[in-house]
Amino acid sequence: AVCALLLGCGAAPDARGGNHGATALHRAAQRGRAGAVQVLLEGGADPSLPLNTGTLPIHFASEKGFIDIARLLLAYDGTSLTSNALDHQGIAPLHMAAYNGHVNSVELLLSFGASVDIPCKAFGNSTALILATKQGHLRTVQVLLKASANKSIADSTGKTASDYALERRDYDLINTLASDDGFTDEYSPAVGGGTLIEEEL
């Protein structure tokens with residue numbers, strides 16, 4: 001109601017403030033206020049305007065898993081530029097959603113053209129698949145694989161998603177990442193030992 005009143009009185013929808021040059025749309029997206037986001041967008045707010053750090057409103061919505069807000073922002077933008085936008089640290093909205101295990105946000109971003117294998121510079125050139133694997137988000141990993149995420153891509157340390165799954169000793173992730181190649185038996189837990197078969201050889 002306040003946003004609508006201010007816009008009705010002639011307030012500029014993209015007026016900036018604070019140290020990072022945030023607009024009202026940035027603040028509303030970060031705080032999960034879907035109603036305010038919709039009013040601001042209808043009043044002409046630009047969802048592609050970044051903070052001084054390069055962060056867009058969609059970054060906040062993706063990080064927090066605010067799916068309704070993300071849908072509004074992407075629908076109003078109408079292009080894949082926002083879904084693939086990188087902030088100054090090289091972080092895309094998909095990286096944030098995958099890292100935090102927000103499956104619905106990941107699916108939404110992919111449906112709006114997010115590049116599934118774009119590397120994240122802030123996290124050692126990790127892909128969304130690597131980030132989700134490192135955090136143990138099985139369902140997110142499955143969604144990314146369904147979207148044809150490249151399992152062979154390594155981060156700046158030379159490790160792939162499968163390497164991180166092995167480090168975690170997460171057999172669900174290990175088998176999921178290996179299933180397309182038919183090597184599920186190779187990574188089964190050793191009977192009674194709790195270690196990987198490969199480590200016992």
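**Exercise 1.** Determine which residue follows H9 and what the sign of its phi is.

*Solution.* The residue after H9 is Ser148. Its phi is positive, near 70°. Helices here are DSSP runs of H or I with at least four residues, while strands are runs of E with at least two, numbered from the N terminus. This is a predicted model, in which local features need pLDDT of at least 70, side-chain atom pairs count only at pLDDT 80 or more, and totals for chains, interfaces and linings use all residues. Residues are numbered from 1 along each chain as its sequence is written, and side-chain values use heavy atoms, with hydrogens and water left out.

**Exercise 2.** Identify the buried residues of helix H9 and what covers them.

*Solution.* Helix H9 spans residues 138-146. Buried there (under 20% relative accessible area; exposed is over 50%, partly exposed in between; 1.4 Å probe, protein chains only) are Thr140, Val141, Val143, Leu144 and Leu145. Their cover includes helices H6 (93-99), H7 (103-111), H8 (128-134) and H11 (171-178).

**Exercise 3.** Locate Glu63 and state whether it is buried, partly exposed or exposed.

*Solution.* Glu63 belongs to helix H4, residues 57-64. Its relative accessibility is 33%, so Glu63 counts as partly exposed. Apart from neighbours within four places in sequence, Glu63 is in contact (heavy atoms within 4.5 Å) with Met96, Asn100 and His102. From C-alpha to C-alpha, Glu63 and Ser105 are 8.9 Å apart, with their positions 42 residues apart in sequence.

**Exercise 4.** Give the end-to-end C-alpha distance and the helix content of residues 124-156.

*Solution.* The end C-alpha atoms lie 5 Å apart. The span is 48% helix and 0% strand.
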